[in-house]
Each structure stands twice: as structure tokens, then as C-alpha cells.
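Biologist: I would like to learn how to read a few features of a protein model. Could we begin with a helix and whatever lies against it?

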Amino acid sequence: MPSSQISGKAYHDATKHSYLSVQLDPNYVDASTQPSSFKVYPKFYRRVKLNLNNPVHSFISLTSAITLEKVYKDGPYKLRVNPSAGALYPTEVYVQIRGIEGIVDGIYHLEIENNCLTLIYELIDDGLESYIIPGKCINGFIFLISCVYYRSSWKYQNRSMRYCLLDSGHHLGAIAASAFLHNRDIQLIFDFDKLTLNLDLGFENKEFITACAVLGEIQDKKIRSLRLKVPFVSGTDYFESNQFIEDAYQATTQQKSRQQKLEYPQFDFDRDKFYQTVWDRRSIRRFRKEAISQEDYLYVVQQLQQSIPTENYEEIEIYSVVHRVGGMTPGLYRGTHLVKTGNFSEKTGYLCINQAIARDGAVTLFFVSDYLNYQTAMQIAGFLGQRLYLTSNYLGIQCSGIGAYYDDETQELLETNKDVLYGMVIGI
């Protein structure tokens with residue numbers, strides 16, 4: 001086994017749940033101590049208020065927009081186009097814009113709470129390209145996804161390394177959805193010099209880059225690295241370091257992913273309906289134990305099999321535990337192939353830390369991988385998760401991600417020795 005794979009797997013294994021581990025450490029937190037979930041630069045920074053009637057502004061805004069605000073006893077929760085484990089939203093978005101009329105060439109922070117772009121670095125002959133695609137220049141957009149990991153580790157401790165990467169994948173999926181709605185093609189890039197970029201962005205140990213998405217005209221032109229360090233602003237109001245997460249990120253950042261030919265997906269969604277789906281997407285918390293149609297289920301599977309627009313790739317194998325799909329035998333499926341028959345609804349409910357949604361939904365899905373690059377695999381799992389959310393919601397089917405499950409026992413049910421990266425459930 002390659003050493004890079006051992007490294008990623010070792011950190012994954014160290015965050016496994018078991019029935020015993022959950023009982024010994026139920027992990028209760030005081031909600032009043034939650035760190036802030038929005039990063040804001042000082043008021044004197046130049047800002048561009050995003051106007052949804054402007055196609056460029058609309059495209060950028062929809063990658064991260066707040067879609068609903070709920071008020072609970074411990075305060076308001078602002079839900080966004082991208083789901084997040086525990087609604088903690090560790091991801092931040094930075095956008096390099098070059099050659100777009102009406103916008104100064106620069107690196108901007110997407111200030112989600114106020115729906116604006118904050119200019120944090122003005123470009124001259126330098127830019128992000130030198131870290132990501134050396135020797136090239138992009139007239140268009142480079143979206144950087146970063147994680148302010150303490151927002152998640154505050155609650156989930158070491159296992160939040162998984163959730164940060166899954167959330168990053170979901171956020172990439174939200175960018176892809178906005179690109180589709182605005183007739184743009186994006187390319188995801190996972191393998192690049194993240195460590196140097198973190199340093200030049202001044203992130204210290206409080207934030208780290210996970211991936212990027214590029215779109216626009218790519219030219220052969222040498223762009224030099226950032227001539228100045230970018231002023232740093234913390235993404236939380238207070239911070240407690242987690243050495244495990246910082247070590248895991250460092251160890252898995254420099255691993256190379258498997259490679260594939262770049263291909264773009266071909267979706268046939270009605271754009272108006274899909275636009276509304278993006279705005280209305282929610283994580284369901286209860287199912288009515290009703291069946292979905294086989295036609296709808298197979299359509300969902302078909303969309304999950306569409307190309308992922310990246311050259312850096314890790315294959316994700318999807319197992320489906322079918323509980324209630326009209327015309328389909330209940331049981332465990334790998335893709336559309338029936339592995340074993342049986343009613344496993346109670347079993348999946350137990351495996352997913354006794355969450356009723358995993359028992360009461362129509363299908364519980366598990367994403368597994370035999371990866372080389374752990375970061376890439378987890379983010380692609382999250383990217384597919386966003387695709388599953390939007391496709392199922394588009395059909396009127398509810399969906400929820402499940403990051404907590406008994407790892408080893410889930411592998412036993414699936415009869416696989418590959419790592420289980422993510423669980424999801426769909427139903428009515």
C-alpha cells in the first residue's frame with residue numbers, strides 16, 4: 001500500500017465511531033460557546049454589493065447565499081445553499097476576479113452575511129494562478145474554498161476533519177450548481193500548492209485551503225506569486241487549536257490524487273425549476289416511511305453517475321440500502337446491482353448512531369472509496385452529496401446527509417474493506 005494512502009487512512013481510522021466510543025464520549029457542548037460562523041473584514045475595506053440583476057453578481061452570490069433564517073432559543077441560524085454538518089459552516093470562499101468588466105482585478109472575500117465581495121488584495125502582475133496552474137493565466141474566476149476548522153471542531157472535535165472536507169465538497173457542489181444556472185463550465189482542482197498559498201494568505205493555523213474551482217479563458221502566460229502577504233482576519237471570535245486536525249491536514253495535503261480526463265456533466269434539469277430547488281434545498285429531519293418510485297430513484301442514480309469536472313479524481317463507490325422503492329426488492333445494492341436481499345431499515349438506523357431518518361427513509365446511501373488522496377476523496381464525496389441533495393429535491397424527494405455512523409459495523413453490512421466516507425438518506 002502506498003505510504004500516502006496509509007497516511008490518509010490512519011487519520012480516517014483515528015476518527016472512527018463505534019457503539020462503545022459514542023457511549024463513552026457523547027460529546028455534549030454548551031451552545032452559548034459556539035464560535036462565530038461568519039468572517040468579516042474591517043469596515044474600511046472596499047466592498048462590492050452583489051446585485052442579483054447583474055449576471056456576474058448573481059452567479060457569485062448563488063454559490064453561497066443565505067436562503068433561510070431560523071430563530072432558536074440560543075440564537076438565529078442562517079441556512080445557506082450548501083448544507084453543513086450541524087449547521088456550523090466552517091467553509092469560507094475567496095474569489096480571484098481577472099478581466100471582468102466593472103470589477104477591479106483582485107482577490108475578494110465573499111462576505112456571505114452581507115452579500116458582498118470584500119477586496120482584500122489588488123492584482124498587478126501576480127495572482128493565484130502561480131500556486132494552482134503555473135504558467136497559465138485565467139481571465140475569469142478562481143474560487144478558493146477554505147475551512148475555519150474551529151467552527152466545526154468546537155462541537156465535533158477530531159472527527160470534524162471529515163466534516164470540514166465534506167462541507168468543502170458540498171460548497172464546490174453549490175458553485176457547480178450556480179455555474180450550471182448561469183451557463184458556465186467549472187473545473188475543480190484539488191492538487192496544488194496549498195501549503196504555500198496558506199502561508200501567503202496569512203492563515204496561520206486558523207484556516208486552511210481545501211480546493212478550488214476555476215472558470216474562464218485560460219491563457220499561456222506566466223503569473224508570479226503574490227507580491228505581498230494578504231492581511232489576515234480571523235474567521236471566529238475566539239479560537240482553540242486542535243493539533244490532530246492540523247497534523248491531519250498537513251499530512252494529507254501533499255498527496256497526489258488519481259488522474260482522469262477532464263469531462264463535463266450533461267444535465268437536463270429545467271433551469272427555472274432547478275433555480276428554485278437551489279433556493280429551497282433543506283436537510284430533512286423526519287420521514288413518513290413512504291415509498292419513492294423506481295423511476296425517480298433510477299434518475300437520481302443516473303445523475304450521481306454523471307462526470308465530475310476535474311482531472312484530480314478519486315473513485316467513489318455508492319452502496320444503496322433500499323428500504324422503500326416501488327418495484328425494487330429491499331436490500332443492499334452496489335450501484336444498481338443487488339448484492340443481498342433483506343429489510344435492513346432497523347440495521348441502518350442503528351448503524352447511523354440510532355438516527356431515525358436512516359431507518360425511516362426510502363434509501364440509505366453510503367459512499368466508500370479506496371483512495372490515494374484522502375482530501376480529494378472526501379471532497380468528491382461531499383460534491384456528490386450536494387448533487388444528491390439537489391437532484392432528489394428537484395424531484396420532490398427529501399434528503400439529509402449523515403456524517404455519524406459506526407464505521408467498522410457499516411463496512412460489515414456493506415461487505416467492503418474500503419473506507420466509508422459519508423452516509424446519506426433520501427425519502428418522503
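Modeller: The model is a predicted one. Start with the packing around helix α10: the cover over its buried residues includes β12 (317-322), β15 (363-369), α13 (374-394) and β17 (419-427).

Biologist: Which residues of helix α10 are buried?

Modeller: Helix α10 spans residues 294-304, and its buried residues are Tyr297, Tyr299, Val300, Val301, Gln303 and Leu304.

Biologist: You listed β12 as part of that cover. How do I read the side chains of a strand?

Modeller: In a regular strand, side chains alternate between the two faces of the sheet. In β12, Glu317, Tyr319 and Val321 point one way, while Ile318, Ser320 and Val322 point the other way. Both sets are buried, so the count for β12 is 6 buried residues of 6.

Biologist: Which strands pair with β12, and in what direction do they run?

Modeller: β12 and β15 run antiparallel and are joined by 6 bridges. On that side, Val368 in β15 stands opposite Glu317. Strand β13, residues 331-334, is also antiparallel to β12, with 4 bridges between them. There, Ser320 has Tyr333 of β13 as its bridge partner.

Biologist: Next, cysteines. How many disulfides does the structure hold?

Modeller: A disulfide is a covalent bond between the sulfur atoms of two cysteines. The structure holds 0 of them.

Biologist: Why does Cys212 form no such bond?

Modeller: Because the closest cysteine sulfur, that of Cys147, is 14 Å from the sulfur of Cys212, which is too far for a bond. The cut-off is 2.5 Å between the sulfur atoms. Cys212 is also buried, with a relative accessible area of 0%.

Biologist: And what is the distance for Cys352?

Modeller: The sulfur of Cys352 has its closest cysteine sulfur in Cys399, 13 Å away, and that is too far for a bond. Cys352 is buried, and its relative accessible area is 0%.

Biologist: How do I find empty space in a model?

Modeller: Rolling a probe the size of a water molecule over the atoms shows where empty space is left. Here the structure holds 1 cavity of 30 Å³ or more. The largest cavity has a volume of about 40 Å³.

Biologist: Which residues line the largest cavity?

Modeller: The lining consists of Ser37, Phe38, Lys39, Arg80, Glu92, Leu110, Glu111, Ile112 and Glu113. By class, 3 are nonpolar, 1 is polar and 5 are charged.

Biologist: What about the second largest pocket: how many residues line it?

Modeller: The lining of the second largest pocket has 22 residues, and Ala176, Ala177, Phe180, Pro265 and Phe267 lie nearest its centre. The space in this pocket is about 390 Å³. Its lining divides into 13 nonpolar, 5 polar and 4 charged residues.

Biologist: Which helices supply that lining?

Modeller: α6 (160-181), α9 (271-280) and α13 each supply at least two of the lining residues.

Biologist: Can we look at one residue in α6? Where is Gly169, and is it buried or exposed?

Modeller: Gly169 is in helix α6. Gly169 is buried, at 0% relative accessible area.

Biologist: What is Gly169 in contact with?

Modeller: Setting aside neighbours within four places in sequence, Gly169 is in contact with Gln379, Gly382 and Phe383. The C-alpha atoms of Gly169 and Leu384 are separated by 7.8 Å, although these residues are 215 residues apart along the chain.

Key:
Residues numbered from 1 in each chain as written. Predicted model: local features only at pLDDT ≥ 70, side-chain atom pairs only at ≥ 80, totals over all residues. Heavy atoms only, no water. 1 Å grid on protein atoms, 1.4 Å probe; cavity = no way out; pocket = protein on both sides within 12 Å on 5 of 7 lines; lining within 4 Å. Points joined across faces, edges and corners; volume = space filled by probe spheres on them. Nonpolar A, V, L, I, M, F, W, Y, C, P; charged D, E, K, R; others polar. Buried < 20%, exposed > 50% of the residue type's maximum accessible area, 1.4 Å probe, protein only. Contact = heavy atoms within 4.5 Å. Pairing = 2+ DSSP bridges.
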